[in-house]
Every structure is written in C-alpha cells, then in structure tokens.
Amino acid sequence: MTKPQFGLDDDALAGQPTVYRPGLFADRVVLISGAGSGIGKAIAFLFARLGAKLAICGRDLEKLQATAPRLRELGSPDVFVQSMTIRDPEQVDALMDAVWTHFGQLDVLVNNAGGQFPKAAIELSGNGWRAVVDTNLNGTWYMMQAAAKRWRDHGQPGNIVNIVLPIDRGTPGAAHTGAARAGVIYLAKTVAVEWAPYDIRVNCVAPGTIESSGFQYYPPAAVERFRYSNPMKRTGSVHDIAEAVVYLAAPSGKFVNGETLIVDGGSVLWGDLWVTEKPDYFKV
Amino acid sequence: MSENNKPAFGLTDEALSAMPTVYRSDLFAGQTVLVSGAGSGIGKAIAFLFARLGAKLAICGRDPEKLEQTAAWLRKLGSPDVYVRPMTIRDPEQVDALMDAVWAHFGKLDILVNNAGGQYPQAAIDFTVKGWNAVIDTNVNGSWYMMQSAARHWRDHGQPGSIVNIVAVFERGLPGIAHTCAARAAVTYASKTVAVEWAPYRIRVNCVAPGTIESTGFRQYPPEAVKNFKNSNPMKRTGDVQDIAEAVVYLAGPSGKFITGELLLVDGGGVLWGDAWPTGKPDYFKV
C-alpha cells in the first residue's frame, strides 16, 4: 500500500504505541460503525490489538473486507463484517440481531460512523442539511436505541461511546454537523440517566482536528491552517481518539457516565478552525 | 489506622495494590511523577498506580508518617526511586523548595499531580472567615503555587510537562461545601487558561473531577450523609479511588498527548442526576 496523503497507513497505525495492557478486551465483543477508514479503522485496530472480538459495519463492503483481515492479524479472535447504512432503522435492527446471533453478546458499541461536508451555512441545501442530520443524529440514535433494547432484553450491561465533535464554540463552515453532534452529545447525557437502571453507560469522545484520510474532503488552503485550530499548534492522530475510546469503554471508565471527553489539543480554548477557506471578514 | 485493619471506608493498602488496571506495566518506566497529598485517599491511590506502572515518584504532604508508610508500599509495588518530602502547599517558599529538591534528586520531572486539598462540610451561611480562607488557600492558592512553580522549572529547563489537577464536580454547585466548590472552579479555569498560555512551553494542563468516591475521606461527613452518597448519581453507587487513578494516568500519559485544558468528570453521571448533600439533606429539599 502506498503512503496515504493524510493520516497513517495501516502498518504505521498497527505499530502505534499503546498505553493499554495486552488482553484488556479478551472475550469482549465490540461493534464499531464506520470502521472501514479514518478514525473508525484506528479504533478497530486498537481493540483488535487488545484482544477484542469485533463486529464492524459501514457502507463500503470492500473497505470493510480489507480491514477485517488486518484485525485478525492484529489479534482479534473473531471479526464479523456487515455492510449497511445506519440511516435505515431496519438495517440497524438487522445488524444488532446478527451481532447477537453471531457472538451471543455485545459489550461495547462505538458509534463512529458519520460525516459532513464543508459548506457555508447560508448555502446549505435542504438535502445537504437533511443528509448530515440523518446520518449523524438519526443514525447514531437508531444504533444507540437498538443496542440498548437488546442489552435490556438480555439483562446484560452495556457501554456506548459516540464519536462527536467539540461543539462548544460552534462549528463555522459545518453548521449541519455542529447541530447534529450537539444533538448526539445531549442524547447521550439524557440516556446516561434513563439507561442507568439497565447498567448501560453512555459517553462521547469529541475529536478536534485529527489528521486522517478525511482531510482529503477539505480545501487545501483550509487543511494548511488546521494546525492553528488549537494552542498546541498541531493536529492530533487517529490513535489519540482510539485511546480515548478505550479509556471510556474499558473498566477504567466504569464510573464515567454521560461525559464528553474532548481530545482537541485545547481548541475549545484557543484557535480557529475553518473547514471552508477562511472568509476575509475573519482575517484579523 | 494500622496497616492491616480494614478501614471504615475505602480500600486497604493490600486491596488497593491489587486493583486491576487497564494499563501496561512499564508505561511510566523512566518517568518521574510528583503527587501531592499522597499519604492517604485518592492521592495514595494515584501514587500506587504510577508505582505499579514503573514511575519514579516524588510524594509530598503534611504528615511525614503517612508519607513514609506510603513510600514503603510504592517501592514494593515497583517504583525504582521514591522521594519523600513533608511540606504544605500553602507556603509558596516550601513549594519552590520542593520543586528544586525534586529536580535536584531526579534531574527532571515529567508529571505533576495536584491532588492535595480538602474541605469540611458546613452550611455556607455558617462559614467563618478563617474556615473559608483555609479552604481557598489550600485548594486554589496551594494548587496554583504548585502549577506555576512546576511550569517555571519546565520552561527554564526547556522540558515539556504535564499537570493533572484533582478538583470536584462543581457545575451544579456543591451545597454544603460552597468553599471548595468555588475553589475547584477556580483551579479548573486557571487550568484552562494556562493550558493556552503554557502551550508554547509544551506543558499540558488538565483536571479530573471525582464525584462521590469512597475513600478514608468519607470519615469527615455525617453518617446520614454518607448513607445517601450512593444516590448522588444515576448509577446509584460510589466510585473507587482506582477510578480516579486510572483517569489521571489516562490524561497524564501518552494517551492524553492531544488533550489540554480539559476537565474529565468521573462521577457516574452525578452532574446529570442525583444529589450528594455532604452535610445531610436539609428538610426543605426532602421532596
């Protein structure tokens, strides 16, 4: 495989040092959406290295099928692949049933699937808005609820980690996803309470500017300035997000619930992230 | 408390040393960690975990006897070098002397954990000036002296640093401990501010906010309040000191290398549902 333009190639990703002990997720089953590329793939790689059985889903079967053998090679004893879209609640239910049939259990759900495109809010079309809200908010909700219903019905504890964004200062140039991710964060807080009686923990990780293959969707002039989005003046790595997800999903997070862990190099405190080219007005 | 008697609250040293951990055993090999208030409770748990992960440790606190007892455990748990210094963080000169001594002894410092602090439960209306000042002085001023002194040493040596401050969950106020609520909010926002100011020095600054964590510290609250502590969060249980130690390691270690200015709540969701009432719940709020 040739080195990608942005982010880590599979070998580099597999060789990232981890703080966690080997075997941490032995006999555990982890479902990761959007695991075929970028942050989702990094999360799947780390769980595989820690011994988890994995279910991975996404829209692109080919990418998933390319990821699965790597996961086995890295130490996952069982990898289940299902191509589907989280936008369709019936496909979500079918996925959850398939995971329970295959593994007989599910321990952790990582809602990573999602995405957006950069666009000034004033130019957003109805379709564009609805597509982003449908995937990020509705799709994530279908996954959360379908997982929770099965945990409740099986009398099993559960654990959800949603990948969102730092939304505290708004998300200029990506209003649709800012709204959708804020929706997911507050859904998570709400059901962290409602589902506590079922022994289900729900948390979020908010990645700031993380270098991944996803950078290719942004204008080069914007990408060049991404490192100024935080006081550390650099971008994060997909592995930073994977380690955050593991912290929350593992026993280390057993008393963490309803929390959003921001992994952004401090961008909510200083810096400007423009995913479109920076408008002249803000060049100060 | 003798070493082998089970404490009324929290874990014995043996139990604490055997808590499962998610981290790999050599994670902090070659690293030096300074933990304040390491003689008991959460601070001891943090020191125990870093020792098990191979860190060299500097521990400080006011009670030399407690520190020496802790130090013996830390060596046993795998810390290759343990430096003990009794002192109070309230005195900026003692703080500077501590930092100088740590650098003299280890030649470096990688991580500072500001855990020392404390409060007593009392209705705010009854606070004395002296009581208020004592809590502010220890929790805000003491933590600040430690942060600034560590940062100056890192800047002057051209070395990167990582600070984790132990605070409290202050978002919904903390009825019955208003002084510490104010103090911990101050530490958190000092942290967010210097997370930016000190980014050029490659110093990360983060906070962990423990909710209701069962430790020896429970002793200072009225029994009826302690009985209700499990209702302070939707999980209807208390956390353990290891939960906090693992949060600190997560932020302090390479896992947190892209995290700065962050406040990690480890409270079982207490900020979203539940009431702690460390003074016992006033009749007015029994609804």
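Mentor: Start with the cut-offs. Relative accessible area under 20% means buried, over 50% means exposed, and anything in between is partly exposed. This model is predicted.

Trainee: Why is R155(B) called partly exposed?

Mentor: Its relative accessibility is 41%. That falls between 20% and 50%, so the middle label applies.

Trainee: What makes D156(B) buried, partly exposed or exposed?

Mentor: D156(B) has 56% relative accessibility. The cut-off is over 50%, so D156(B) is exposed.

Trainee: How do you know that R155(B) and D156(B) form a salt bridge?

Mentor: The N to O distance is 3.0 Å. The limit is within 4 Å, so the pair qualifies. The general idea is simple: side chains of opposite charge can pair when their charged atoms come close.

Trainee: How many salt bridges does a search of the whole structure find?

Mentor: The search gives 16 over all chains.

Trainee: What makes R150(A) and D93(A) a salt bridge?

Mentor: Their N to O distance is 3.4 Å. The limit is within 4 Å, so this pair also counts. R150(A) sits in helix α5 (residues 126-154) of chain A, and D93(A) in helix α4 (residues 89-103) of chain A, 57 residues apart.

Trainee: Which labels do these two side chains get, buried or exposed or partly exposed?

Mentor: R150(A) is at 12%, under 20%, so R150(A) is buried. D93(A) is at 34%, between the cut-offs, so D93(A) is partly exposed.

Trainee: How do you know that D97(A) also pairs with R150(A)?

Mentor: D97(A) and R150(A) meet at 3.0 Å, N to O. That is within 4 Å, so the pair is a salt bridge. D97(A) is in helix α4 and R150(A) in helix α5 of chain A, so the pair ties together parts 53 residues apart in sequence. D97(A) itself is partly exposed, at 41%.

Trainee: How many disulfides does the whole structure hold?

Mentor: Zero, over all chains. Take C204(A): the nearest cysteine sulfur, that of C57(A), is 17 Å away. A disulfide needs sulfurs within 2.5 Å, so C204(A) is in none. For C181(B), the nearest cysteine sulfur is that of C207(B), at 14 Å, so the conclusion is again no disulfide.

Trainee: Why is C181(B) called buried?

Mentor: C181(B) has a relative accessible area of 13%. The cut-off is under 20%, so C181(B) is buried. C204(A), at 0%, is buried too.

Trainee: Which residues form the positive surface patch?

Mentor: R62(B), K66(B), R90(B) and R219(B). K66(B) lies in helix α3 (residues 64-76) of chain B. Patch members need over 30% relative accessible area, and K66(B) has 35%, so K66(B) passes that test.

Notes. Residues are numbered from 1 along each chain as its sequence is written. Chains are lettered from A and ligands numbered from 1 in the order in which they are written. This is a predicted model: local features need pLDDT of at least 70, side-chain atom pairs count only at pLDDT 80 or more; totals for chains, interfaces and linings use all residues. Side-chain values use heavy atoms; hydrogens and water are left out. Patches are made of residues with over 30% relative accessible area and no salt bridge: like charges are joined within 9 Å, nonpolar side chains (Val, Leu, Ile, Met, Phe, Trp, Tyr) within 5 Å. Accessible areas come from the Shrake-Rupley method with a 1.4 Å probe; for residues, only the protein chains shown count as cover. A salt bridge is a side-chain nitrogen of Lys or Arg within 4 Å of a carboxyl oxygen of Asp or Glu. Lys and Arg count as positive and Asp and Glu as negative; His and the chain ends are not counted. The place of a charge is taken as NZ of Lys, CZ of Arg, CG of Asp or CD of Glu. Helices (H or I, at least four residues) and strands (E, at least two) are DSSP runs, numbered from the N terminus. Buried means under 20% relative accessible area, exposed over 50%, partly exposed in between (1.4 Å probe, protein chains only).
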